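These are my notebook entries on a structure that I looked through for a new reader. I set down each point in the order in which I looked it up.

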Amino acid sequence: MTTKRHEQVGLTDAQVLDMYYYMLLARKIDERQWLLNRAGKVPFVISCQGQEAAQVGAAFALETDKDFLCPYYRDLGLVLVFGQTARDCMLSAFAKAEDPNSGGRQMPGHFGGKKYNILTGSSPVTTQVPHAVGMALAGKMQNKDFVVYTSFGEGSSNQGDFHEGANFAGVHKLPVIFFCENNKYAISVPLKKQLACESVADRALGYGFPGVSVDGNDPIEVYRVMKEAVDRARRGEGATLIEAVMYRLVPHSSDDDDRVYRTREEVEEAKKKDPLIVFAAYLREIGLLDENTEADMLARVQLEVDEATEYAENAPYPTPESTLTHVYGN
Amino acid sequence: MAVISFIDAITMAMREEMRRDPNVFILGEDVGVRGGVFRATNGLIDEFGEERVIDTPLAESAIVGVGIGAAAYGMRPIAEIQFADFIMPAVNQIVSEAAKMRYRSNNDWNCPLTIRAPFGGGVHGALYHSQSVEAMFTNIPGLKVVAPSTPYDAKGLLKAAIRDEDPVLFFEHKRCYRLIKGEVPEHDYVLPIGKADVKREGTDITVISYGLALHFCLQAAEKLAQEGISAHVLDLRTLYPLDKEAIAEAASKTGKVLIVHEDNKEGGVGGEVAAIVAEHCLFDLDAPIKRLCGPDVPAMPYSPPMEKFFMLNPDKVLEAMRELANF
């Protein structure tokens, strides 16, 4: 019998099946948004494809009712585990009034929502990193034991805000997880033109906390290193930098054409390691997934995405005049 | 009522707010044992400890960005930028983040952060310790920009800033710190952000100013009174959003408007004040709107004659006021 790797890291059968469900849901929402974009129904898509394993694996190591997220624009898998629904995502894609992230004010991928413990985010990259540090500082001052998770791409790890935030967290030993989703490209610029060091994780040395590099296509491994980091943080031992290495399977956004900067062969090669395929294979191998259960799960996800799409498409837009509201609170 | 300096009023406001609300804390460079390079946080670490008076790493974007995160969670941070000149690395955090958090989240999140920054020259600070950078922040809806001129206003407005549900950029003219003294009640009071204040009643000309320059205007008005010319002096106090009603009212009162600020003229706050006057009460005017400002050069030079040339003073203001009165 094949070893159940997930049991060795403390995950139950039900949990890994749940993980797969969230990965699949993220993928199917994402794919639907591309279709809607190409059909001219939504103006913009920014994708999570290829990064679902890392996002979901990381999210499972956190406590969704206690910990906080300062995510970045690709983190669909992460925010789904924290309670956002397919409907929420579609409302955001269609820029409808009910969009919980921003009431249709922001582009999709700008996640936020107090009820989900997700801080509102913006488009200039990496600005969320110091915010995560500030939230962790607030938690420490108020004797709370929550952990703050912030994510960003490898390109963003060059930003001053990454360095300034990580250094601050290091000095003050704050419970922050710096989670780099290294998908090998910052829009068109490959890793070798972004970093001179071997791995983003190496950068942790400069901040006085551990840096770990992990296979981002493997949600179990990501969960394992995340769990260690979360436990450390909760014990008051400070921050961790985790680099999850994966591949962005689609162009940067719906407005990008990745054919000009990477070969089809390279993308096809990466697709063989598509985390959904690899993880499904593992679940089949250990007997947790068979044709029937897989078909059931797919049907359930498709239904969710269909219903969400229909609901969001028919939902009302914000009123034009609401453009003027919520500049100040008083 | 005790007469205290501008900087002591700032310290008093922070101390009172920290005693009142355990969520108020200070973060910045040298704010702890040093008590700030200007001594604005003097003694606060002794009373509140290093957990609430935090010496941060030397990194302005983190000072503001960490403040934003803490504020969003529910704290009331006061972030100190050592000199307004050094605020530039934090502009992205102020403009893209703090100012937009409420709007972009459709009122779900907000950012009750106060950012204090000493600005202005006349202290031999040269290019990078003398700048007036307020105009860079006075077209950012979501942000409030305050620049008091008196100790009384400084205390009341800083307390209001700390209690405000939105981010407030609080500029303190560093030359005012020890030069300007005034009566300040020891009891708790707040002054409304967004309201200008008539600092001197007059009938012949209207002078609109803020910060250190406001005091030059008051001194010049005193001299001008001896010549039989009565000047009405309005202190803007809040630079964004501007108190449009008070500006229009003050302008209409005399029909002659002089706007005075140390910041350079083109693109400065005075341009917006002039536009408000033109929009709301052009036909009440008896003379073209006049502006007396710092010269349009990159910043204030170090060499004393150059610094003196750049800086406003009561004589320069007096001359401009007299000229306008005689129009």
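**Entry 1: a proline in chain A**

In which loop of chain A is A:Pro100 found? I worked with a predicted model throughout. I located A:Pro100 in the loop between α5 (86-93) and α6 (128-141) of chain A.

I then asked whether A:Pro100 is buried or exposed. I counted 23 other C-beta atoms within 10 Å of A:Pro100, so this residue is buried. Setting aside neighbours within four places in sequence, I found A:Pro100 in contact with A:Asp88 and A:Gly113. I also looked up the separation of A:Pro100 from A:Val278, which lies 178 residues away along the chain. Their C-alpha atoms are separated by 32 Å.

**Entry 2: chain B as a whole**

I turned to chain B and noted 12 helices and 14 strands in its secondary structure. The radius of gyration of chain B is 19 Å, close to the 20 Å that the globule rule gives for 327 residues, so I recorded the chain as being as compact as a globular protein of that length. Along the principal axes, the C-alpha atoms of chain B fill a box of roughly 60 × 45 × 40 Å.

I noted that 60% of the 327 residues in chain B are buried. I also looked at contacts in chain B between residues at least 6 apart in sequence, and 81% of these join residues at least 24 apart.

**Entry 3: the two domains of chain B**

How is chain B divided? I recorded domain 1 as residues 2-184 and domain 2 as residues 197-326. The C-alpha centres of these two domains of chain B lie 26 Å apart. I found 26 residues of domain 1 in contact with 25 residues of domain 2.

On the domain 1 side that touches domain 2, β6 (144-146) and α6 (151-163) of chain B each supply at least two residues. The largest share of that side comes from β6(B), with 3 residues. By class, I listed 12 nonpolar, 10 polar and 4 charged residues on the same side of domain 1.

I consulted the UniProt record as well. Its unreviewed entry lists residues 4-179 of chain B as "domain: Transketolase-like pyrimidine-binding". Over residues 4-179 I found the chain to be 35% helix and 17% strand, with the end C-alpha atoms 10 Å apart.

**Entry 4: where the chains meet**

How many residues of chain B are in contact with chain A? I recorded 37 residues of chain B in contact with 33 residues of chain A. On the chain B side, α3 (60-73), α4 (91-97) and α5 (101-104) each supply at least two residues. The helix that gives the most to this side is α3(B), with 10 residues. I noted that the chain B side divides into 15 nonpolar, 14 polar and 8 charged residues.

**Entry 5: the nonpolar core**

I began with a general point. In soluble globular proteins, nonpolar side chains tend to be buried together. Here I found that the largest nonpolar core has 209 residues, and that A:Val176, A:Ile177, B:Cys217 and B:Met321 have the most contacts inside it. Helix α2 (residues 13-38) of chain A gives the most to this core, with 10 residues. Domain 1 and domain 2 of chain B each provide at least three residues of this core.

I followed A:Ile177 further, leaving aside neighbours within four places in sequence. The residues in contact with A:Ile177 include A:Val147, A:Tyr149, A:Met226 and A:Ile242.

**Entry 6: loops and backbone of chain B**

I looked up two residues in the loop between β5 (114-119) and β6 of chain B, namely B:Asn139 and B:His124. With 12 C-beta neighbours inside 10 Å, B:Asn139 counts as exposed. B:His124 is likewise exposed, with 12 other C-beta atoms within 10 Å. B:His124 has a positive phi of about 60 degrees, although it is not a glycine.

B:Asn139 led me to B:Tyr240: the two are 101 residues apart in sequence, yet 7.4 Å apart in space, C-alpha to C-alpha. The peptide bond from B:Tyr240 to B:Pro241 is cis, with omega near -10 degrees. I placed B:Pro241 in the loop between β12 (238-240) and α9 (244-254) of chain B.

Is B:Arg237 buried or exposed? With 28 C-beta neighbours inside 10 Å, B:Arg237 counts as buried. I found B:Arg237 in the loop between β11 (231-235) and β12 of chain B, and its phi is positive, near 60 degrees.

Conventions:
Residues are numbered from 1 along each chain as its sequence is written. Chains are lettered from A and ligands numbered from 1 in the order in which they are written. This is a predicted model: local features need pLDDT of at least 70, side-chain atom pairs count only at pLDDT 80 or more; totals for chains, interfaces and linings use all residues. Domain bounds come from an automatic or database domain assignment. Two residues are in contact if their C-beta atoms, placed from the backbone, lie within 7 Å. Helices (H or I, at least four residues) and strands (E, at least two) are DSSP runs, numbered from the N terminus. Ala, Val, Leu, Ile, Met, Phe, Trp, Tyr, Cys and Pro count as nonpolar, Asp, Glu, Lys and Arg as charged, and the others, Gly among them, as polar. The radius of gyration is taken over C-alpha atoms; the globule rule is 2.2 Å times the number of residues to the power 0.38. A residue is buried if 20 or more other C-beta atoms lie within 10 Å of its own, exposed if 12 or fewer, and partly exposed in between; C-beta atoms are placed from the backbone. A nonpolar core is a set of buried Ala, Val, Leu, Ile, Met, Phe, Trp, Tyr and Cys residues joined through C-beta atoms within 7 Å. UniProt positions are given in the numbering used here, feature names are shortened, and annotations may be inferred rather than shown by experiment.
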